[in-house]
Amino acid sequence: MAVSLSHVSYSATFTSSASKTTVSGPSLSPHSIKVPTFSPLTVKPLNSSFTPHGARAITIAPHATSTPSSIPSDTSTTTFHGLCYVVGDNIDTDQIIPAEYLTLVPSNPDEYEKLGSYALIGLPSSYATRFIEPNETKTKYSIVIGGANFGCGSSREHAPVALGAAGAKAVVAESYARIFFRNSVATGEVYPLESEVRICEECRTGDVVTIELGESRLINHTTGKEYKLKPIGDAGPVIEAGGIFAYARKTGMIPSQSK
């Protein structure tokens, strides 16, 4: 019997016997079977212009330049020079500006000036030298030096505003209440600088001092000593701009006020 399988002629002879069954067919040698060959898969490297299906190259551009020319990228040239006023630890916001004066509205120029005239009026009588002389609205002390936990107490923004309205440019303290530090930056009224040592124990009210922000140091010209300050960091440009809203307008984060 001859059977055709896939164009290969195959013949088989079946012999049945009690002892065995013999199946014979054509002999196949390994060389008679042809196996198809495949060329190696060539993978081309992805180039920079390849974009997977469903994905898109996205370029994120800042809303506005982060350091416009109107705002310095650092505070290396900012210095303050003048007399210092020294206080101790835990100077709270009631001592900086008592609650009875919180009805004054800082956005009103006349009330802003009046608010400054009450700065640090809540200090106890043990402070013989007052921050602001009687019948004056401005202080002659442009730098306040304090101890630990300066600005503790309530969260009133009037505290740094009162100091700034009085003519203070910076406060140097061993540490701050967090809310006072934030309010100082947000309002842009004073620089809240931290000292690495207790400067309040080595300076006296009336000493002539200079603060160099770029060098992060305070120089007491009266005693001839210098002190290292902690860098003001990213808060510097915000205060320099005049507060968080002024900084946001100058950097394009929010629209500028219409003139």
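This text follows a run of parallel strands and helices in a predicted model, then turns to two individual residues.

Strand 7 (residues 170-173) offers a convenient starting point. Its pairing with strand 6 (residues 141-145) is parallel and comprises 3 bridges; within this pairing, Ile143 has Ala170 as its bridge partner. Strand 7 also runs parallel to strand 8 (residues 191-194), to which 4 bridges join it, and here Ala173 is partnered with Glu194. The connection from strand 7 to strand 8 passes through helix 4, giving a right-handed β-α-β crossover. A right-handed β-α-β unit is likewise formed by strand 6, helix 3 (residues 158-166) and strand 7.

In a regular strand, side chains alternate between the two faces of the sheet. In strand 7, Ala170 and Val172 point one way while Val171 and Ala173 point the other way, and all are buried.

Helix 4 spans residues 178-187 and contains Ser184. Ser184 has a relative accessible area of 0%, and is therefore buried. Beyond its neighbours within four places in sequence, Ser184 contacts Pro160, Glu189, Val190, Pro192 and Ile239. The C-alpha atoms of Ser184 and Ala159 lie 8.5 Å apart, although 25 residues separate the two in sequence.

The second residue is Glu212, which belongs to strand 9 (residues 208-212). Because buried means under 20% relative accessible area, Glu212 counts as buried at 19%. Its side chain makes a polar contact of 2.6 Å with the side chain of Arg217. Apart from residues up to four places away in sequence, Glu212 touches Thr78, Thr79, Arg217 and Ile219.

Terms used:
Residues numbered from 1 in each chain as written. Predicted model: local features only at pLDDT ≥ 70, side-chain atom pairs only at ≥ 80, totals over all residues. Heavy atoms only, no water. Helix = DSSP H or I, 4+ residues; strand = E, 2+ residues; numbered from the N terminus. Buried < 20%, exposed > 50% of the residue type's maximum accessible area, 1.4 Å probe, protein only. Polar contact = N/O pair within 3.5 Å; in protein donor to acceptor, adjacent residues only side chain to side chain. Contact = heavy atoms within 4.5 Å. Pairing = 2+ DSSP bridges. Right-handed = clockwise from strand over helix to strand, strands pointing away.
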